[in-house]
Every structure is written in structure tokens, then in C-alpha cells.
Amino acid sequence: KKNVKDWILLAAQKAVKMGITTVHDAWQDRTIVESIQELIQENKLPLRCYGMLAGNDQSLLNDFFKNGHYKNEYLTIRSVKAFIDGALGSRGAALHEPYCDDTNNCGLILISKEDFRNLAQLCYKNNYQLNTHAIGDRANREILDLYERVFKENSSMGEKLRFRVEHAQHVHPSDVPRFGALGVIASVQGIHCVSDGPWIPSRLGEMRTRRTSYPWRDLIDSGALIVNGTDVPVEKISPLASFAASVTRTMNNGELFYPAQKMSRSEAIKSYTINNAYAAFEESEKGSLEVGKLADIAILSDNILDISDDRLSTVKVEMTILGGRIVYSPG
């Protein structure tokens with residue numbers, strides 16, 4: 001456990017250097033939870049954490065479900081993480097139609113509908129949020145279908161449960177408006193778009209890429225709430241790099257990835273602040289600069305709402321403040 005605590009502390013220190021005051025940690029087993037709790041007791045954790053319990057550990061889930069939500073100043077646990085498919089790069093994302101470069105393969109479904117429904121019902125019964133990894137268009141549809149089924153069976157509205165789809169990378173156009181209609185949160189990572197963009201057409205073809213890949217504009221316009229992240233360590237932890245990707249969709253090769261789907265500066269800011277707070281049921285205490293909320297603040301070298309696109313990559317974090325206490329300053 002000592003190694004785990006050291007790794008967590010190193011990651012947290014890197015995060016605050018990037019201006020991050022709260023992380024959403026999307027897979028926590030018992031060792032991780034206990035290590036974070038010990039760091040808090042030792043007064044060493046420099047940020048706050050919204051933890052998602054490992055959905056395949058029934059013993060861990062039972063322990064938390066019987067005690068309700070867990071919350072203190074630094075750690076909140078009231079959600080569960082699940083997986084339905086793999087990744088597009090490895091051709092594991094579940095698709096309606098075969099991969100263009102592997103025509104006998106439509107990807108992987110990693111959990112049966114019945115097992116997933118049971119998990120979703122368990123989360124509903126215990127008032128725990130369910131956050132499901134879904135990348136391919138088939139995976140996103142199946143998750144929306146299963147969420148909708150649970151909502152209807154329990155006569156509940158999605159806005160109350162705030163269930164999330166983690167990634168929501170490739171979504172069939174007919175499923176895009178279902179996020180807003182069902183009250184399902186689209187938890188995206190802007191940086192994925194620009195790092196994966198150059199090779200996505202080789203997997204999906206140009207037409208399917210244009211119709212389904214990273215449809216942020218369509219999601220927002222149809223009423224969906226988008227939250228943003230980096231999926232570290234798959235990508236670098238910098239929220240500024242992900243913000244730039246969200247508002248420019250400039251790929252690593254310098255070309256634009258279907259820029260009609262980009263977010264506005266204001267939308268991207270909200271996706272990283274108040275929307276993320278809402279997605280963690282914490283919008284009343286963080287996510288915006290208001291009297292009565294926590295003084296969790298990042299001070300930047302430039303105003304990212306109005307500088308030119310080409311200057312976004314030069315913005316630096318000047319200070320990170322947690323609860324009014326400076327936890328990072330270059331000096």
C-alpha cells in the first residue's frame with residue numbers, strides 16, 4: 001500500500017500543477033480507497049477526489065452501499081464505474097457495422113445486458129450514480145437503452161440519478177438527442193479528439209467518422225450536459241490542452257477534425273467547472289466563483305476566453321488554491 005500511496009501523491013502533485021482542484025477518479029478498488037483515506041488522515045492530499053467504485057467488486061460495492069454515500073472534505077464516493085466495450089484504437093469499441101480495416105470485426109461487448117441491468121438496478125436502489133465506459137456507436141446505444149429501461153422500471157427521471165456515459169466518443173446521429181432527453185451526462189475528453197483524429201477514418205471510414213465521432217456540438221444543441229476531462233494516463237493530465245482541443249479541434253498534425261462540432265469557449269469552461277461539479281452532485285459547493293462556495297481556484301497567465309487560438313498552447317498555471325490555501329505556485 002505504501003507504493004500506492006506514493007503513486008497517488010505524485011499524481012495529485014502533478015494535478016495541482018496543472019490547475020486541477022478536484023479529480024474524478026474512474027476506477028477505485030479497495031486499496032486505492034484506503035490509500036486515499038490514509039493520505040487524508042495524514043493531511044497530505046493536496047486536492048479533492050470524486051471516486052467511482054470498481055463495478056466488478058461486489059464485496060466493495062456491498063460495503064459502501066450498506067453505509068450510504070461516503071463524503072468528507074477531500075473524498076466523495078457515491079458512484080460506480082462499469083465498462084461495456086473496449087477502445088477504438090485496439091478495435092475493441094463496439095460498432096453497429098464492421099471496422100473498415102478489419103471487416104469481420106464489430107468490436108467487443110464486455111458485459112451482458114442482464115448483468116448490466118442488475119448492476120444499474122443495484123445502483124438505483126442504493127442511490128449511487130452509475131458511470132459507464134462506452135466508446136463505439138453500438139456501445140453508446142446499448143447503454144442508453146439500458147439506462148432508459150432502468151429509468152422507466154423505477155419511474156425515475158435521469159436528471160435525478162445523473163447517470164453518465166464515460167467517453168461517448170462515437171454516437172449514431174439518432175442517439176445524440178437521447179442524452180438530453182434521458183438526462184444522461186456525456187462525460188467526454190476533448191483531448192482524445194485531436195490525438196485520435198488523424199487515424200479514426202482508417203477504422204471507421206470518412207463518412208462514419210463525420211457522422212458519429214465526437215459530436216459535441218450536436219449533443220449540446222440537443223440538450224445534453226457535457227463534462228470534460230483528460231482520461232489520464234491515456235492522455236496527459238493538462239486540462240488546458242484538453243480545453244484547447246475542445247474549442248479548436250486542431251489535431252496533432254495541424255489539421256482540424258470536423259470543426260463544426262467544436263465547443264464555444266464558454267461551453268468548454270463550463271464543461272471543466274460547473275458541469276463537472278454537477279456531474280458529481282457538488283454544484284452547490286464548487287464549480288463557480290460564488291459567495292459560500294469552496295475557494296478552489298486556478299489562476300492562469302492569460303484569459304482563455306478571449307486570447308487567440310494559437311496562444312492557447314502558451315497559457316500557464318500561475319497558482320492553484322484549494323479551500324483558500326495555496327497548494328501550487330511556481331515560485
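## Two strand neighbourhoods

Ser79 has Gln129, in strand E5, as its bridge partner. From E4 to E5 the chain passes through helix H4 (residues 113-125), making a right-handed β-α-β crossover. This is a predicted model, and the points below take you around E5 and then over to an open sheet of three strands.

**E5 and its partners**

- Strand E4, which covers residues 75-83, pairs with E5 in the parallel sense over five bridges.
- Strand E6 (residues 164-167) is also joined to E5, by four bridges, and these two strands run parallel.
- Asn131 has Arg164, in E6, as its bridge partner.

**How E5 is covered**

- E5 spans residues 129-134 and is mostly covered, with six of its six residues buried.
- In a regular strand, side chains alternate between the two faces of the sheet.
- Gln129, Asn131 and His133 point one way from E5, while Leu130, Thr132 and Ala134 point the other way.
- Whichever way they point, all of these residues are buried.

**The open sheet E9-E10-E11**

- Here the three strands follow the order E9-E10-E11, and their pairing is antiparallel.
- Strands E9 (297-300) and E11 (325-328) stand at the edges with a single partner strand each, so one side of each has no neighbour in the sheet.
- From one strand to the next, the twist averages 30°.
- E9 and strand E10 (residues 317-322) run antiparallel and are joined by four bridges.
- Leu300 has Val317, in E10, as its bridge partner.

Definitions and conventions: Residues are numbered from 1 along each chain as its sequence is written. This is a predicted model: local features need pLDDT of at least 70, side-chain atom pairs count only at pLDDT 80 or more; totals for chains, interfaces and linings use all residues. Side-chain values use heavy atoms; hydrogens and water are left out. Buried means under 20% relative accessible area, exposed over 50%, partly exposed in between (1.4 Å probe, protein chains only). Two strands pair if DSSP finds at least two bridges between them. A crossover is right-handed if, with the strands pointing away from the viewer, the path from the first strand over the helix to the second runs clockwise. Axes are lines fitted to C-alpha atoms, for helices over the stretch in contact, and angles run from 0 to 180 degrees between N-to-C directions.
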